[in-house]
Amino acid sequence: MLISYFTEQPYSALSAEDAWDLHPFDHPARRAGDNVLIHSNRFFDPVAASRLYAERIREYELAEEVGFDGVMVNEHHNAPFCMQARITVMSSVVAARTKRVKIVQLGNPLPTWDNPVQLAEETAMIDMISNGRLIAGIVRAGGAEQLANNVNPAYNRERFHEAHDLLIKAWTVPGPWRWEGEHYHQRIVNPWAVPLQKPHPPVWVPGITSKETIEFAARHAYPFVCLNTTMEDTKRIWGLYDKVAAETGFEAGPQHRGYLVRCIVAETEEKALRNAREHLWMSGEFAGFGRPTWIAPTGYSSFEARTGRAAMDKANSSLEGQIERGTMVVGTPEQVIARLRWWLEETRPGLLMLWPNDGRLDHESSLDAIRLMGEAVLPSVKKIAQELGLHDQFELASG
Amino acid sequence: MHSFRQAIAGTEIDVLSDGDGPRLTILHRDTGRAGWTPLHARLAKRFHVVAPSLPGYDSSGRPDWLRNVTGLAALIGMLDDTLGGESGAWLGLGFGGWAAAELAAHSPSRVAKLILHSPMGIKPPEGEIFDQFLIEAEDYVRLGFSSQEAYDRQRAEEGEGRSARLDRNREMTTRIAWKPAMFDLALPHLLRGVSIPSLTVWSSADAIVPRSCAEIYRDALGGHYTEIPGGHMAEYEAPDALAALVEEFLGC
């Protein structure tokens, strides 16, 4: 099993008052509680952010030191809950500051790139600089990302597919050649930067419940990473993935199954619950990824899918509800291990992303949580995974 | 009132028409054509009113290949050809005003007279065309009304199916007018070469299209300009005032 460490890298210097209140300088469309996309960046202090970046990077180093196999990075825009405005930048930093861990990009927001060949170049550079440690995840990117980057949401899926095809070709087919597609037009594709891993870095696809995205991943045999989905949804996703895999001609296994879970561990249950509340404030109830029309703008997916998604987000947001459903795993190491065992037994993933630190949790507490995970959680989870035969693609490849 | 569908370049276009007299084609806003509005009803007393649902809007087919308003206007021009007779007058409302102006710029022979109400399609030198994509579709409709009462009445009259219809219409607007947002940089330049009698009308409480857009149209077309009270949705809030201006301008 490959276990990665994840944090959204929140801009935790933001005060709750600034986040919730209305302000005289607000965008005319902003309502109280809108904390992404149009929430003014005058609340962003680069001095505080510089300190936070240094702390997050130190946390990544520690994650490697205590035994995590990967560091998961991502990208969001106009978002206080995530300071990673460019995934390839943070991936480059992780490549330079670590020696062993996989750099797990979940993922590169393909449709937001107007020139995917540049992405092919940047990821190839990261793969070489990290000595072949890149996992190049790809995503459609959420609705707010389309608005923040002014990318037409009605063509999001078309751009995702075409950018994917262009990216794979740029990685694998020697140039120069020309690309004239529907959304991308490149006179000459001939990047003098190609990946170290052959034929190309592993591609993973994270997602929630989008049927088309799950089918896409399965058709390409790309591992699909469920982003903190419920047990019921996760099982449904694997059912669909396995079915499409069989139709495509391969048998899916744990190596194709990833799961990201909020996992908040502390010496005492009380402290873990306090940290969990903080975690949720920033990444759940607080950010909530914005209003429905930003989460999934018109055209981003079908009317039915979008209206269903908005209802689901609202229903799943409370801390108590999430702990009960297991989408937040909270407690002492023993409690957390027991809950993770339940996830592993029930859904059989070979790829696990643990998300312990978020919200305004201070640096020392974050480091403590990482240390505690390394000492008291990871060895047991690895043992359970071994016992259940949950192997990742790298273990299988090395026999 | 007659209702029919006409295939144009592989796309089925849904058309309502009524009345006798000179032809007047009305192009709806980006929220679509909810039905036969009070404005249509009054104008149909003096004109042969033709009111298509633009391609991709309401129950008209969606040409997936269409990427801009120029192409949309071309399809509407082709629809006009199928109706026969001489070129008629066009009344474009908001987004429909943009489409009518594109038609006038690219096929001036199809447009005898042009009336634009709070037209989009030009980058305003002052203010902004409100970015509908930042708010819910229903909230955008509400913004088009200056009167809560008028909004409530229109919403109640439409009834079921409204959310899906608004969503479909917004998706088509997204497909063809996302960037630049609701304007065409070439249009004001092209309009300077158009010599069609024109009237531009702006609603003084319009929260969606700023006055400066209408003023640029007036200047580019060298036509008449006037203002009426109410919000963007003049066909519901000020149908008589707008109809009276149309009738006067068209000499009826």
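## Salt bridges of chain A

At 37% relative accessibility, A:E346 is classed as partly exposed. A:K235, at 38% relative accessibility, is partly exposed as well. In this predicted model, the side chains of A:E346 and A:K235 form a salt bridge, with N and O 2.4 Å apart. The pair joins distant parts of the chain, since A:E346 belongs to helix α13 of chain A and A:K235 to helix α8 of chain A, 111 residues apart.

Helix α8 of chain A also takes part in a salt bridge between A:D242 and A:R257. The N to O distance for A:D242 and A:R257 is 2.8 Å. A:D242 lies in helix α8 and A:R257 in strand β9 of chain A, so this bridge ties together parts that are 15 residues apart in sequence. How accessible is A:D242? The relative accessible area of A:D242 is 26%, which makes this residue partly exposed. A:R257, by contrast, has a relative accessible area of 15% and is buried, the cut-off for buried being under 20%.

A further salt bridge links A:R178 and A:E180, whose closest N and O atoms are 2.9 Å apart. Here A:R178 is exposed, with a relative accessible area of 58%, while A:E180 is partly exposed at 47%.

## Helix α13 of chain A

Helix α13 of chain A covers residues 333-347. Its 15 residues, at 1.5 Å a residue, should span 21 Å, and the C-alpha atoms at its two ends are 21 Å apart, so the expected and computed spans agree.

Which residues of α13(A) are buried? They are A:P333, A:V336, A:I337, A:L340, A:W343, A:L344 and A:T347. Because these buried residues cover an arc of only 120° around the axis, they lie on the same side of α13(A). The elements that cover them include the helices α8 (231-248), α12 (319-325) and α14 (363-388) of chain A. Strands β9 (257-265), β10 (328-331) and β11 (351-355) of chain A are also among the covering elements. Just after α13(A) comes A:R348, which takes a positive phi of about 55°.

## The sheet of chain B

Chain B has an open sheet of 8 strands with mixed pairing, in the order β1-β2-β4-β3-β5-β6-β7-β8. Strands β1 (2-8) and β8 (224-228) of chain B stand at the edges; each has a single partner strand, so one side of each is left without a neighbour in the sheet. On average, neighbouring strands of this sheet are turned by 25° against each other, direction ignored.

Within the sheet, strand β6 (residues 111-117) and strand β7 (residues 198-203) of chain B pair in the parallel sense over 4 bridges. B:H117 stands opposite B:V201 in β7(B).

## Helices across the sheet

Helix α3 (residues 95-106) of chain B lies across β3 (23-27), β5 (88-93) and β6 of chain B. Its direction is at about 140° to β5(B). Helix α10 (residues 239-250) of chain B lies across β3, β5, β6, β7 and β8 of chain B, and runs at about 155° to β6(B).

## Charged pairs overall

Side chains of opposite charge can pair when their charged atoms come close. In chain B, a network of salt bridges links B:D58, B:E138, B:R155, B:E158, B:R162 and B:R165. Over all chains, the count comes to 45 salt bridges.

Definitions and conventions
Residues are numbered from 1 along each chain as its sequence is written. Chains are lettered from A and ligands numbered from 1 in the order in which they are written. This is a predicted model: local features need pLDDT of at least 70, side-chain atom pairs count only at pLDDT 80 or more; totals for chains, interfaces and linings use all residues. Side-chain values use heavy atoms; hydrogens and water are left out. The expected span of a helix is 1.5 Å times one less than its number of residues. Buried means under 20% relative accessible area, exposed over 50%, partly exposed in between (1.4 Å probe, protein chains only). The arc is that of the directions from the helix axis to the C-beta atoms. Contact means heavy atoms within 4.5 Å. A salt bridge is a side-chain nitrogen of Lys or Arg within 4 Å of a carboxyl oxygen of Asp or Glu. Two strands pair if DSSP finds at least two bridges between them. Axes are lines fitted to C-alpha atoms, for helices over the stretch in contact, and angles run from 0 to 180 degrees between N-to-C directions.
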